Structures are given as C-alpha cells and as structure tokens.
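Reader: Could you give me a close look at one part of this, and then work outwards from there? I'd like the cut-offs spelled out as you go.

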Amino acid sequence: MTSHILSWIIFTPLIGAFAVLFVPKNATACIKWIALITTGIVTALTGYALTLFQPAQAGFQMIERGVWIPQFNVQYLLGTDGISFPMVVLTAIISLLACLASFGIKERQKEYYALYLLLETGMMGTFLALDLFLFYVLWEVVLVPMYFLIGIWGGPRREYAAIKFFLYTLAGSLFMLLGILGVYFAATPHTFDMTQLAGMPRGLFFQQIVFMAFFLGFAIKVPIFPFHTWLPDAHVEAPTPISVILAGVLLKMGTYGFFRFSYPLFPEATHWFQPAMAVLAIVGIIYGGFVALAQTDFKKMVAYSSVSHMGFVLLGLAALNADGFRGAMLQMFTHGTITGGLFLLVGVLYDRAHTRDLNGFGGLGVKMPAYAGFLTFFALASLGLPSLSGFVSEFLALLGSYQYSKPVTALSTIGIILAAAYLLYMVQRVLLGKLNPKWAQLPDINLREVLTLVPLMVLILGIGVYPRIILDYMIPTLDALLKTIKVS
Amino acid sequence: MTSDQIILVPLLPFLAFAANILAGRWLKNRAAWLSVATSSVACVIALPICWAVFQGAHFAHQGTWLMLGTVPLKFGYLMDPLSATLLFMVTIVGTLIQIYAAGYMHGDPRYSRFFAYVSLFMSAMLTLVVSDNYLLFFMAWEIMGLCSYLLIGFYFEKDSAANASLKAFLTTRIGDVGFLLGFLTLFAALGTLNFSEMNTLMAGAHGSHATLNTGLLTLAALLIFCGTIGKSAQFPLHVWLPDAMEGPTPVSALIHAATMVAAGVFLVARSFTLFMAVPNILPIVTAIGTITAFMAAFIALTQNDIKRILAYSTISQLGYMVTAMGLSGLGAGTFHLITHAFFKALLFLGAGSVIHGTHVQDIREMGGLFKKMPHTAVTFIIASLALSGVPPLSGFWSKDEILLSAFGAGNFLVFGILLLTALMTAFYMFRLIFLTFFGAARNAKVHAHESPALMTGPLWCLAVGSIVIGIPGSPFMHHWFQKFIAHMVHYPEYEPSGLVMACSIAVAILGITLAGVMYLKQKHWAAAVAKNFPLFYRLSFNKFYFDEFYAAYVVKPFNALGHVLFGFDETVIDGAVNGTGRNTLFLSEIKNWIDQYIVDGAVNFMGTAVYFLNSFVKRIQTGFVQNYLLIVFLVLVAFLILELKLA
Amino acid sequence: MNAIESLKYFIPELVLLGGAFVALTLDFFLKQKKLVGEFALLVIVVALCLAKAPEKPLPLFFGFFHLDALAHFFRYLALAAVGITILISLGYTPLKKRYEGEFYSLFLFMAFALILVAAANNLLMIFLAIEFISLLSYLLVGFLKNDPKSKEAAIKYLLFGSVCSGVMLYGMSLLYGAAGSIELSVIGDTLFFAPFKPLAITAALFFFVGLGFKISMAPFHMWAPDVYEGAPTPVTAFLTVAPKALGFAVLTRVLDSVFWNSQSVWSPVLVILSILTMTIGNITAVSQSNIKRFLAYSSIAQAGYILMGLAVFSILGRGAVLIYLLVYLLTNLGAFTVVLFVGGQTQSDSLDAYAGLSERSPTAAAMLTIFLLSLAGLPPLAGFIGKYYVFAAAIEGKFITLTIFAAINSVIAAYYYFRIIRLMYLTPATGPAFPAPSRSLTVALWALFLGVLALGIFPGFFITRILG
Amino acid sequence: MIVLPLSHILIFSLVLFAIGVYGALVRRNIIGILISIELMLNAANINLIAFSKYTSLSPETGQIFALFVIAIAATAAAVGLAIVLALYRVRKTVQADEVNLLKW
C-alpha cells in the first residue's frame with residue numbers, strides 16, 4: 001500500500017467508476033455517495049502521501065517503476081516531486097469539492113459520475129506519470145470524459161463547445177506526440193524515461209523544433225493567447241462542477257507540462273524561446289483582462305479572467321529565475337482554488353436565477369448576504385488582494401519577471417488594474433445597487449454549497465497569510481530545475 | 001522593556017473583525033463594543049511603547065515570511081519616532097471615532113458589518129504603521145484600500161455609493177500598482193525591502209552615490225510616490241476622495257481624513273532617505289503637493305455639500321503635507337499630519353453630528369444651528385480655527401512649520417501659493433461655519449437636535465486634542481517634536497521666523513473676516529463675485545472638470561478597447577479556428593456538389609466526347625465504374641512518368 | 001520440399017478445403033441452414049487449433065507455398081476474420097431467403113484463398129490467389145437476391161477488379177520478362193542490377209495497380225465505397241478487413257523481397273500514395289450520411305495510415321504494418337458488428353438510425369463508441385497502439401511531412417468519428433429501446449471489445465507474439 | 001524461317017493491351033467490357049510466352065503461367081457472366097453507365 005501509494009491515488013477513481021457502472025441506473029443516491037466517497041478516499045490518500053513526502057528533497061519521490069511495453073522500452077513509471085505534488089493535492093481537493101457540487105446534477109447521473117471518476121484518474125495520472133508515453137496516454141484519457149461531460153450535461157451550445165475543446169486539444173496533443181517520438185528516437189538508448197532523458201544533451205535546432213511541438217500541446221491546454229478561444233466556450237457551456245475542474249486542474253496540465261517536460265528536456269530552446277513566451281504572457285494578461293472587462297455573461301467573464309491569470313503563470317515561467325518559477329507554481333495552485341471558487345459561485349447563482357447576464361442582476365447583497373460575502377471574498381482573492389494567495393503568487397511572478405525585463409513587468413501590471421476593474425465591476429453589477437425585484441425570492445447559499453467553498457477559502461487565506469506552508473514544498477525542486485536549465 | 005506585545009495591537013482589531021463578520025448576526029449592538037474595546041485595549045498596549053520611543057527607545061523584531069530567490073524576506077515591526085507618532089495618533093483617534101460611530105450608526109441594519117469593516121481597517125492601519133518593510137506595508141495598504149472600498153459602498157443600495165466605491169478602489173489601485181513596481185525596483189536596486197536596511201544603505205551611500213544605481217533609485221522613488229498620489233488623493237488622482245463621502249460620516253472621519261489618506265504622506269516619510277538620496281525627485285513632490293493644495297482649496301470655495309467641502313479641505317491639507325515633504329521638511333509634514341488628523345477628524349465628526357441632527361448635507365439648507373446643537377457647533381468652530389491656522393491652536397504651529405520650510409528653502413513661489421491657500425482655507429471654513437451655525441434657519445423642514453453624549457463626548461475629546469496637540473511642536477516645547485523626528489533622519493531645519501508667523505496669522509484673520517462679511521453682512525457679494533468671475537467660479541464649482549475628463553478620456557476608451565478586443569476574439573481568432581474546421585467540411589461538400597451537379601448534368605445532356613472531357617474535370621466517385629478506371633489509368637501514366645524520371 | 005512431405009504442414013488448409021466441400025454438401029441435407037454456419041465455425045476453429053508456427057521458413061510444394069512467420073501471422077488473421085464474419089452472419093436476416101449454406105462454405109473457400117495469398121511467394125501463386133479471392137468476393141458481394149444495390153456493387157467490383165488484375169498480370173508478365181523468373185527473391189536480386197530499368201519500373205507499377213486495388217489505396221480505391229455500401233453488411237465487414245490485410249501481406253512481401261534495394265525510388269511514391277489515400281478517405285468521410293459508406297471511407301483512410309508503415313522501408317515500419325492490421329481488423333469488425341445489429345433493428349444504414357442509440361441500446365452505443373475511439377487512435381485503445389507504431393516508424397525514418405499530414409488527418413478523422421458519437425449520446429432517441437442483440441452477435445461484440453481493450457492496455461504481450 | 005525479334009511481339013502485345021484498356025473504358029455494354037478484359041489478359045499471355053521463348057532461364061515457367069492465366073480467364077468470365085445475368089434480372093440492363101445507384 002505505502003509503496004504503491006501513487007498507483008492507488010490514480011486508480012482508486014477508476015475502481016469507483018466501475019463500482020458506479022454496476023449500480024442500477026435509478027439508485028442515484030447510491031451512485032452519488034459512491035462517487036463522493038471515492039473522491040474522498042483519493043483526498044485521504046493524497047493526505048497520507050503528503051505525510052510521506054519529503055519537502056526538502058529535490059528529486060523524484062515515491063517512484064514506482066514497472067515494465068509496460070518492452071519493445072519500446074515503455075515503463076509504468078510514476079513519481080512525484082515539488083512540482084507535481086502540489087498539483088496532485090490541488091486535483092484531489094478540487095475533485096472532491098466539484099463532486100460535492102455535482103449533487104445538483106439531475107439527469108443521467110450514472111454516466112456522469114462514471115465519467116467524472118474516469119476524468120479524475122486521467123488528471124491524477126497526468127501529474128504523476130514520469131514516462132513520456134504513459135504521460136501522453138493519460139493526458140489523452142482526460143479528453144474523452146471531458147467531451148462527454150461538456151457535451152451531455154452542458155449548456156445550450158454544448159455540442160459545439162465540446163467538440164471544439166476536443167479537437168483543439170487533440171490537435172495540440174498529436175503534435176506533442178510527434179515531439180515525444182522525436183525525443184524518444186533522439187535519446188540513446190531510446191527511452192521515454194524522464195529521469196534519464198532530462199540530462200541528455202540535444203542539438204539546439206532539434207530542441208527548437210521539438211519544443212515547438214510540445215509547445216503546441218501545452219499552449220492549447222493553458223491556454224496561451226492565440227490558442228485560447230476554446231476556453232470561453234468550454235467554460236461557459238460546461239456544467240458548474242466541470243467548469244471548476246477545467247479551470248482548477250485542466251489548465252494547469254499545460255503549465256505543468258512546461259515545468260515537467262519542456263524546460264528540463266530543452267534548456268537551450270527554452271532560453272531561445274524566452275522572449276516569445278514573455279510576450280505571449282503579457283499579451284494574454286492584458287488581452288484577457290480587457291476582454292473580461294467587456295463581458296456581460298458572468299461565466300464568460302470568469303473564463304477570460306482565467307486567460308489573464310494564467311498569463312501570470314506564463315510570465316513566471318518566462319522569467320526563468322527562482323522567483324518567477326515560484327510565482328508561476330504558486331499561481332497555478334492559487335488560480336485553481338480561486339477560479340474554481342468563482343465558478344462554483346457562478347453556479348450557485350445560476351441554479352437559482354437560471355441566468356448569467358450580469359446586467360440582469362443587482363442588489364443581491366441585500367437578499368443573499370452570505371453569498372455576497374463569499375463572492376466578494378473570491379473576487380478580492382482573484383484581483384490579488386494582499387494576504388490572499390493570489391497576491392503572493394502574482395507578486396512573486398512580477399518580481400521574477402522584473403529581474404528578466406522591466407517593460408514586460410510594467411505592462412503586465414496593467415493586468416492587475418484590469419483585474420480589479422472587471423471583478424469589482426462584476427461585484428457591483430451583481431451585489432450592489434438596487435435590488436432587482438425579479439430576484440426578491442432568491443434563497444441564500446445553502447450548506448452544501450458553503451461546504452464546497454469553505455475549504456478553498458481556508459487554502460486561499462492560509463497561503464496568502466503564510467505562503468511558506470506550500471512554497472516550502474516547491475522551492476527545492478524548482479531551484480534544482482533552475483540549475484538544470486541554466487545554460488553555461 | 002520588551003515590545004513584542006505590539007503584535008497584539010493590530011491583532012486585536014482583527015479578532016474583532018473576525019468575530020463581527022462571522023457572528024455579527026448574534027452580536028447585534030454588542031458588535032460596536034467589541035470593536036471599541038479591542039481598539040482601546042490596543043491603545044492601552046500601544047501608548048506605553050510610544051512613550052518609551054518618545055523617550056528615545058527603538059524597537060524592532062522580525063521573522064522570515066518568504067524566500068525571495070535566496071534572500072529571506074523578513075516581516076516584522078519597527079518602532080521608531082515616525083511609527084510611534086502615528087501609532088499614538090491612530091490608536092487614540094481611531095478609538096474615539098469608533099465610540100462616536102457606536103452612536104452614529106445606531107439602528108443601522110448592517111450595524112455589525114460596519115464595525116467588522118472598521119476593525120479590519122484599524123488592524124490594517126496599525127499593521128501599516130508598525131510594519132518594517134515595504135511588502136508588509138503594501139499589504140496593509142491594500143487592505144485599507146479594501147476597507148475603504150467596502151465602507152464607501154456601505155450603503156450599496158445607492159448607486160452613487162456603489163459607483164463611488166468602485167471609483168475609489170480603481171483610482172487608488174492605479175497608484176498602488178505604481179507603488180508595487182516602485183518597491184520591486186527598489187528591491188532590484190538595493191536587494192532589500194526593509195526600511196532600516198534601506199536607511200542605512202542610503203546613509204552609507206550618502207556621500208558617494210557611486211555605490212548606488214541612482215537612475216534605478218530615482219525610478220523607484222518616483223513609482224513609490226505614485227502610491228502616495230493615489231492614496232493621499234494628490235493631483236491628478238484626487239478625484240476619488242470627494243466621492244468617497246458617500247460612506248458613513250465616521251468612516252469619512254477615520255479613513256478619509258485622519259488615517260488612511262495620511263498613509264500616503266507617511267509612505268513618503270518612510271522613504272524619506274530614498275527621496276533625499278536621489279536628485280530631482282523632491283521638486284516633483286513639492287510641485288504635486290502645491291498644486292493639490294491650491295486646487296483643492298480653490299474648489300472648496302464654492303461647494304455646498306458640507307462633507308464635500310471638508311473632503312476638498314482634506315485634499316488641500318494633504319497637499320500641504322506633501323509639499324512639506326517635498327521641501328524636505330519631514331518634521332513639518334509629519335507634524336501637520338498629526339494635528340490635521342485631530343482637527344479634521346473632529347470636523348468630520350461635527351459634520352456627521354450636524355447631518356445626524358438635521359438629515360441634510362447641503363449647507364444652504366442649514367443655518368442658525370448654533371443654538372440647537374451647541375456642543376457640535378463649539379467643537380466644530382474650535383476645529384475650524386485650528387485648521388485656519390489661528391494661534392495657539394494646533395493647526396497654526398504645524399502650518400507655520402510648513403510655511404517656514406518653504407520660506408527657509410527660499411522657495412517663495414511655493415510660499416506664496418501656500419499663503420494664498422491658507423487664506424482660502426480660512427475663508428471656506430468660515431463660510432461653512434457661518435452658513436451652517438449662524439444666520440437664520442433657511443429650511444423650515446429641518447428640525448435639528450443635538451446629538452447624544454455618545455457622539456458629543458468624542459467631539460470634546462478631539463477638540464481638546466486639536467487645541468493641545470500642537471504644543472510639542474511649538475516654541476513652548478522648543479520644537480521638541482521636530483528634533484524628535486530629526487533623530488531618525490537628518491534633514492535641514494530652519495530658524496523660526498516672525499515674518500512667516502505674521503503672514504500666516506494675517507491671512508487666517510483676513511480669510512475669516514472676509515467670510516464673515518460675505519456670508520453674514522453683505523450676502524449679495526457671493527453671487528456678485530460668482531457673476532463677475534464666471535470662469536473662476538465655474539472651474540471651482542465644477543472641480544476643474546476632472547471627472548468629466550476622466551470619464552471621457554480614460555474610462556470610456558478602456559471599455560471600448562475591451563469590446564473591440566472581444567469582437568476581435570470572437571471573429572478573427574475564433575473565426576480562424578472554426579474556419580479550419582469549416583474548410584474540411586467545405587472541401588468534401590464541394591466534392592459532392594461537383595459530383596451531383598456538374599457530373600450528372602454532363603451525363604444527362606452531353607455527348608460522349610463532352611462526357612469524357614468532363615470526367616477530366618470532375619472529381620471521383622460518380623458511380624460510373626468506367627470513370628474510376630479512367631482515373632486509375634491516368635494516375636498510372638502519371639506515376640510512370642514520375643518514376644521514370646526518378647530512376 | 002516435395003508435395004508429399006509438404007502435406008503434413010498443410011493440414012489446416014486441407015481442413016478448410018475439406019470443410020468447405022462438406023459444408024456445400026451439408027447444405028443439401030440440412031433444413032436448419034444455421035447449422036451449416038455453425039459447422040463452418042467449427043471448421044475454422046479446428047483449423048486455428050491445427051495451425052502452428054513453423055520453426056523456420058518452410059518452402060512447401062517446391063517453394064510455391066512459403067510458410068514463414070509472416071504467412072503464419074496472416075493465417076491467424078485470415079481465420080480470425082472469417083470466423084468472426086461467419087459468427088456475425090449467423091444472425092443476419094437478409095440471408096435467410098436462400099443460399100445461406102453456400103454463403104458459409106464460400107467463406108471457408110475464402111479462408112483457404114486468404115491463407116494461400118499470405119504464403120504465395122512467386123508471381124504465379126500471387127496471381128492465382130488474388131484472383132481466387134477476387135472471384136469469391138464478387139460472388140459474396142452480389143450474394144443478396146433481388147437487391148439491385150448488391151448486384152450493382154458486384155458488377156462494379158467485378159469490372160474494376162478484373163481490369164486491375166488484368167493490368168497487374170500485364171505487369172507481372174513484363175516483370176517476368178525483365179527478371180527472367182517469377183520467384184520474388186530472384187526478381188529482387190536481378191532487378192537491382194536491371195540492365196533495362198524502365199521496363200522493370202513499368203512492370204512494377206502495373207503490378208502495384210492490382211495490389212493497390214486490393215488494399216483500396218487511392219487512387220485505386222474508388223470501387224470501395226460503392227461496393228461496401230452495396231454489399232451485404234457481413235460481407236462488407238469482411239471485405240474492409242481481410243482482403244485488405246492480405247493485400248498488405250503481399251505488398252509487404254513484394255516490397256521486402258523485390259524493392260527493398262530500390263527504395264529510394266519507391267519510398268516517395270508510397271509516401272505520396274499514403275498521404276493521398278488518408279486525405280481523400282478522411283475528407284470524403286466527413287460528409288457521408290450512410291454508415292457503411294462512412295466506414296468505407298474511414299477504412300480507406302486507415303489504409304493510408306498503414307501505407308505509412310510500408311513507405312518508410314524499415315523494420316519498425318514492417319512491425320507497424322502487422323500490428324496496425326491486427327488492430328484495424330479487431331476494431332473495424334467490431335464497428336461493423338454494431339452496424340449489423342443496428343441495421344437489423346432499424347432496417348436502415350443511414351446515420352440517423354444512430355440518433356440517441358445510447359438510450360435505445362446502451363451496450364451497443366458504448367461498444368461502438370469504443371471502436372470509433374479506437375479508430376480515431378485514442379489511448380488506451382488498440383487504435384492508439386497502431387497509430388503510435390506507424391508514427392514512430394515515420395519519425396524514426398525522419399518522414400516529417402508525412403507525420404504532420406498524418407497528424408492533421410487524425411484530427412479530421414476524430415471530427416467525423418465524433419459525429420457518430422455525438423449522434424448516439426447527444427441527440428435524443430427517435431424510437432423505442434432495442435431488444436438485446438442475439439447471442440452470436442453478443443459473443444462477437446464482447447470478444448472484439450475485449451480484444452481492442454487488451455491490445456490497447458497490454459500491447460507488449462501481443463507485439464511479442466506477433467513480431468517475436 | 002523468319003524469327004520475329006522480341007520487340008515486335010512486345011509491341012504487338014502492348015497494342016493488344018491498349019485496345020483492351022480502351023474497350024474497358026469506352027464500351028457501354030458490360031459484356032463488351034468483359035471481352036476487353038479478356039484482351040488484356042491475352043496480351044499478358046503473349047508476353048509470357050514470348051519471354052519464355054526468348055529469355056534463356058526457365059523457359060517452361062512462362063508457358064505454365066500462361067496456361068493458368070487462360071484457366072483463370074475462363075472462370076473469371078464465367079463468374080462475370082453469372083453476375084451480369086443476375087444484374088439483368090433485377091435491373092433489366094447490361095449498360096455500364098446505367099448502374100450508378102451507388103455513388104458519392
């Protein structure tokens with residue numbers, strides 16, 4: 001058990017999914033609880049793994065190694081470190097909360113929860129796989145359930161959104177597959193094993209080409225500026241819990257990919273692409289901010305804000321220095337919690353009002369004081385209010401990028417102002433002003449919804465007040481990474 | 001003596017905040033007492049320490065909060081003359097205002113919420129005061145901004161309040177981002193964010209600038225000053241403060257007069273060594289301060305909303321402080337900050353009490369309130385005298401210090417403007433007083449009554465403060481205060497000059513009498529002046545059209561850009577994406593289309609020859625096996641040629 | 001090795017042959033035609049059991065019949081394909097009219113022919129075996145009585161096929177002339193130093209036409225959609241996999257032994273053909289409205305991917321072809337099994353019949369989804385392993401353009417496969433729920449489903465079995 | 001006796017083949033097409049015979065091959081005609097350009 005903890009984390013949801021399949025269709029309560037308990041168990045396992053995890057150690061830990069496809073020297077290789085482990089924790093928490101939030105879903109529950117658990121397996125695996133082949137497989141495993149979850153339980157334009165998400169991501173990942181194969185054949189001996197591949201020298205041109213291939217795969221997932229248009233559609237059409245998963249975990253898979261694969265595999269190319277990435281980052285930050293400012297759909301606004309906030313992750317990544325990396329890593333985590341929370345809140349409101357038109361609301365602060373409190377909190381967290389986690393990560397990212405380039409940093413701060421603008425403008429349109437009589441009867445947020453939000457708040461506040469509780473887990477690995485990609 | 005209990009000072013109010021926000025529903029009116037109690041306890045804890053510092057003690061303590069690269073970023077508190085002074089002021093004024101608020105807010109549906117916010121503010125402000133580095137300072141600074149946002153929008157059912165709160169937050173946010181970039185630059189230049197370390201570095205490099213990157217430092221100073229401009233409502237970001245008056249009056253007193261807005265000045269004081277070290281930054285500060293002081297006073301001349309007048313007066317006085325800093329008059333600036341805190345808080349509370357009694361804010365509706373609410377009136381007049389700079393009240397000494405530093409620095413332009421401003425200050429304050437408390441009641445519907453003791457009590461306390469707080473900086477105590485501040489940083493001091501005093505007293509008297517004449521005796525003069533100088537009048541009355549300007553040239557373009565980009569997003573980028581998708585469909589559609597129309601058409605009414613010609617043009621899959629075969633052979637030939645070439 | 005001693009390595013084939021004749025005769029006596037089918041199945045199984053891998057390549061019958069690992073693998077492949085086809089035909093109503101018995105026996109002959117092809121080692125054997133398959137295919141395609149579509153398909157198949165084999169034969173004759181022998185190996189050696197290359201090249205090209213026709217490689221694919229649509233569904237299922245697979249077997253053998261040395265000339269051609277094939281197949285599949293036609297085009301595209309493996313001329317490429325063929329066989333048969341089931345329920349092959357299938361028959365829908373995902377090449381399903389293999393081969397050979405085309409094509413493919421999935425899951429059902437599929441169908445479905453899954457999750461096991 | 005050079009025979013077969021191809025392409029009548037196909041096969045046969053005659057090694061192979069081809073041609077024709085017949089029953093036509101139910 002202890003030795004296979006990571007496998008357990010990955011495959012427990014799969015077991016749960018099968019369990020769900022064997023429950024009769026109409027025993028919905030049973031299905032729900034199976035799903036919830038499964039995700040709970042996963043979280044518990046993650047917590048247990050947390051106790052086994054040595055923060056101070058830079059390399060991979062809890063490694064599990066087994067031969068999978070000998071012909072291609074493909075291994076079943078799992079392991080975690082300061083980069084992947086926070087993501088695993090995030091995934092576990094978000095999945096649990098989103099599962100709780102899924103209880104609102106009424107139709108075709110059996111399929112829903114089965115797919116949902118399958119999705120969690122994919123996500124966990126993506127973060128834990130250290131074998132490029134295994135990574136790719138699990139990365140793709142995420143796509144199909146996501147297609148169905150959006151396509152079946154989504155909003156009016158769900159089919160378009162689902163297929164768009166699917167094809168877009170698939171296109172990216174196919175090029176990534178080509179890149180992976182390139183790396184495989186370039187390596188001597190041919191291997192997919194990250195622990196061996198990281199150190200190997202590669203020619204700059206080769207690195208550039210393959211970096212591009214990987215970049216397509218990851219950039220689409222993040223999403224980075226010109227590849228982002230699947231995101232608003234997917235987020236808006238997806239049911240609330242799935243939007244939460246999308247924003248909370250899936251987007252991170254892209255930036256995680258940079259940390260885990262692109263950077264250590266192609267250090268020279270990384271430096272070569274640094275300016276481009278920095279530019280893309282600020283474009284994303286500012287662009288996302290402005291577009292978010294123009295939204296009248298609550299969910300779309302949050303979606304575009306994600307584009308802007310993920311821009312800060314990219315900014316930190318592009319900085320290629322300690323602070324930048326820490327900022328990026330932390331931003332990945334905090335964005336997951338904050339935006340996840342925002343989507344939950346959007347859902348809470350949508351379930352009651354059945355509309356997301358920001359201009360249609362107003363004055364809800366009177367009717368739903370508790371909801372108002374939560375919404376304000378998450379909005380503030382999202383706009384980077386100090387003493388909440390968003391601030392720390394953005395501060396670190398900015399500090400890092402400042403050491404790389406002043407203009408870039410200066411420009412990206414526009415994003416901070418914009419964030420304040422669109423978020424508070426949203427708060428004003430939803431909560432403040434005269435109460436729209438249409439909403440006079442809306443009940444306030446209920447206990448289940450509160451339960452989904454409180455853990456996120458605790459995390460946000462905790463990290464914001466004392467970021468070391470999480471940074472200490474990341475720093476050794478990140479510094480080690482920085483050393484490996486330093487070009488002499 | 002140990003000083004770590006200082007940590008409790010910000011902590012207690014925070015606990016009050018937590019309790020009020022979580023348990024407000026049960027606390028009801030006890031909420032107020034929770035807040036008051038915590039801040040008074042904080043006061044009790046703080047004062048001895050301040051006293052010790054006044055005796056010349058110096059405390060500091062810190063612990064690592066975060067690793068920046070390899071350097072630990074330490075958070076801690078720093079008790080030096082500057083922070084001690086502010087701590088002293090904030091705890092006292094804050095507590096008094098909260099007591100007052102307990103009465104003022106009585107019966108408000110969101111009573112506990114109000115005190116939660118106020119406590120949070122207190123906690124943030126106190127953190128800011130005692131913080132020993134820029135980052136912690138900034139964090140507290142931002143949270144104050146938040147509280148200000150929440151409290152301005154406290155009556156959020158009113159759209160005006162909601163808008164005002166948004167405006168306030170965003171406007172200050174602009175300055176804050178500058179501040180953030182500023183200390184990032186500083187960190188890049190010095191490798192530290194800690195005040196004391198910065199000071200020592202500066203002191204060390206004072207003689208030889210070679211060791212420091214002056215360019216970078218100048219940039220840093222400039223950007224940090226942006227923070228001040230935003231928070232202390234300096235020109236050109238002053239527009240949010242008047243609107244901030246939408247908040248409950250105690251909030252205006254606490255946040256938008258006494259403490260938060262002064263934080264901007266405090267920031268300059270904190271960074272004083274930096275500002276001294278780099279060339280040609282102080283003139284900018286001076287210029288901004290002077291412009292602000294004059295402009296705000298000029299606007300205040302014609303306003304009619306009692307709170308707005310006070311707001312503009314606040315802006316103007318903040319301008320004074322900033323000017324003082326710019327003239328490297330650290331002592332003078334800080335001194336004025338303290339005195340101003342007392343009498344401006346008093347003024348606002350007085351105004352609040354008036355509003356509380358009359359339920360109107362427009363001074364033209366008031367009049368003859370002196371008899372109806374004597375306590376308020378008397379205290380209000382004391383405060384106004386202090387503000388107008390009538391000796392021996394506190395305002396006189398501090399203002400005199402500032403004028404002196406201008407005079408001593410030989411900067412007579414600034415000196416002149418400041419004098420003029422002082423004149424206007426005296427004028428508009430007493431215009432306000434005469435219209436409010438004297439003359440006949442102009443509106444019969446207003447039934448004024450004196451406020452409860454819970455509110456007048458604090459008024460009197462502050463009144464006493466406004467009178468005596470100037471003493472430490474006055475010749476009676478041999479300018480103890482200035483020397484005390486000077487312990488910390490060295491800055492030029494000037495000999496007190498009788499001339500300056502004379503001028504300042506003169507303009508004060510002049511202003512008051514002028515106001516008296518215009519608003520008690522010759523009532524028609526005011527209108528006449530307005531008619532004869534329409535330009536000045538309109539500029540003043542319309543606040544130099546700042547709001548209109550920003551609305552037209554900043555806010556609208558931003559939103560427009562947002563919409564434009566969104567359109568771009570949906571059409572171009574997304575269009576490209578869908579385009580690729582559509583094209584694939586399109587190709588196969590074309591194929592079918594050709595198959596169906598061209599081909600069939602050919603088959604139906606064309607002869608064999610044309611039919612064969614067509615089979616060249618048309619695509620595959622017509623259903624005619626012979627066309628298939630034809631293509632087979634064509635391709636065969638093509639490949640034959642290709643291959644024979646290759647071979 | 002002479003005929004007599006060859007016979008003992010030839011038992012499975014003999015069993016098939018005998019079984020075919022017995023089936024024919026049984027057809028006269030048995031009223032219950034289904035029994036003939038079951039008998040045929042039995043024969044296949046027996047043959048499967050008797051077929052065992054040769055330790056070393058055996059030149060049976062004076063080397064006419066070359067039994068090596070490749071042949072052995074394709075023997076299994078052929079038997080599996082035929083077996084499953086018979087299994088799913090058992091429940092196929094249109095057959096009930098007449099000739100059901102003959103149908104099964106024809107399939108036994110077919111199995112025999114397929115095995116011959118796989119083992120054929122000289123031009124004559126290749127020609128004979130291919131013709132054998134072709135003739136049987138023509139008959140099977142046109143098998144349904146009074147079905148104009150079926151007859152038309154047969155005619156088209158016949159004409160197109162005969163012309164192609166005519167061309168191929170002409171090419172063979174020239175090849176014989178150029179090389180002076182019909183032994184592939186000899187041809188290879190002599191052609192390498194051919195005094196008159198043009199003749200050889202012409203010959204080779206003509207030869208390719210015949211093979212291209214069999215594997216429905218563009219531009220010789222055009223018969224495929226029409227024939228697949230017109231033919232009885234089980235036959236379509238069979239045609240999309242078995243003859244194609246065996247066509248690839250011959251192609252592999254020919255390329256290996258004849259053209260390996262002159263790959264610089266042939267590789268570009270194959271690359272172009274592969275791109276052409278997959279692109280045409282995919283582009284056209286996007287706008288189809290008949291499921292059989294749809295799968296026909298998709299199978300053309302798949303042929304394009306398999307060609308990638310051949311185009312790169314490498315060991316890895318060879319392996320890729322074999323693996324991909326196995327994968328493709330399982331997956332495509334699976335898809336057609338579902339098509340057969342749905343067609344039987346709705347009497348329609350139009351895509352609309354699949355609307356809301358997930359509610360009308362969850363199992364069928366889930367299965368079809370899995371098969372389509374596998375065709376789209378998504379992990380962890382068999383299809384991914386195939387795709388991965390060919391991609392790997394191409395990348396190893398540095399065929400970057402080819403791989404990029406392939407990648408783009410896979411995205412298009414994913415798009416139209418998801419059209420079906422969308423229909424099944426995202427659109428409301430148009431009719432009542434289906435009854436459970438017949439036992440034979442269920443068996444076939446689950447077998448193929450598990451095959452697809454197993455091959456996807458434990459590819460190592462299969463790869464060792466196939467490539468050693 | 002005069003011995004024809006190989007090239008003549010090859011050209012002859014090529015012509016024959018071309019005629020077959022042409023017929024297969026332009027003939028409307030399916031029977032006609034089948035006959036054209038026979039021509040193509042026979043062209044190949046001529047090649048085989050010719051080569052086996054003129055090239056030294058293994059002369060008999062070509063002739064055997066040719067024999068097989070003839071047999072196959074016969075069966076092909078048989079099957080073909082059978083199918084044509086079946087088609088005629090249901091469609092009442094043997095014109096190649098009238099069988100296009102299946103297209104696109």
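Author: Two strands count as paired if DSSP finds at least two bridges between them, and the strands themselves are DSSP runs of E with at least two residues, just as helices are runs of H or I with at least four, all numbered from the N terminus. This is a predicted model, so local features need pLDDT of at least 70 and side-chain atom pairs count only at pLDDT 80 or more, while totals for chains, interfaces and linings use all residues. Residues are numbered from 1 along each chain as its sequence is written, with chains lettered from A and ligands numbered from 1 in the order in which they are written.

OK, the hairpin. Strand 1 (residues 61-69) of chain A pairs with strand 2 of chain A in the antiparallel sense, over six bridges. The two make a hairpin with four residues between them, and A:Asn73 in the turn has a positive phi of about 55°. To see the register, look for A:Gln61, which stands opposite A:Thr80 in strand 2 of chain A. Strand 2 (residues 74-80) of chain A is mostly covered, with five of its seven residues buried. Buried here means 20 or more other C-beta atoms within 10 Å of the residue's own; 12 or fewer is exposed, anything in between is partly exposed, and the C-beta atoms are placed from the backbone.

Over in chain B, try helix 7 (residues 195-204), where B:Phe195, B:Met198, B:Leu201 and B:Met202 are the buried residues. Looking down the axis of helix 7 of chain B, they fall within an arc of 130°, so they line one face of the helix. That arc is taken over the directions from the helix axis to the C-beta atoms. They pack against strand 2 (71-79), helix 6 (159-190), helix 11 (260-270) and helix 12 (272-277) of chain B.

Now out to whole chains. Two residues are in contact if their C-beta atoms, placed from the backbone, lie within 7 Å. Chains A and D have no contact, and their closest C-alpha atoms lie 26 Å apart. Among the five pairs of chains that touch, C and D have the most contacts. That contact takes 32 residues from chain C and 36 from chain D. On the chain C side, helix 7 (123-141), helix 8 (148-179) and helix 11 (223-230) each supply at least two residues, and helix 8 of chain C gives the most, with 18. By type, the side of chain C that touches chain D divides into 17 nonpolar, nine polar and six charged residues. For that split, Ala, Val, Leu, Ile, Met, Phe, Trp, Tyr, Cys and Pro count as nonpolar, Asp, Glu, Lys and Arg as charged, and the others, Gly among them, as polar.

Chain C also has an internal boundary, between domain 1 (1-258) and domain 2 (264-468); those bounds come from an automatic or database domain assignment. Across it, 33 residues of domain 1 of chain C are in contact with 38 of domain 2 of chain C. Helix 12 of chain C gives the most to the domain 1 side, with twelve residues. That side divides into 23 nonpolar, eight polar and two charged.

How far to trust chain C? Its average pLDDT (the predictor's confidence in each residue, from 0 to 100) is 87, and 99% of the residues score at least 70.
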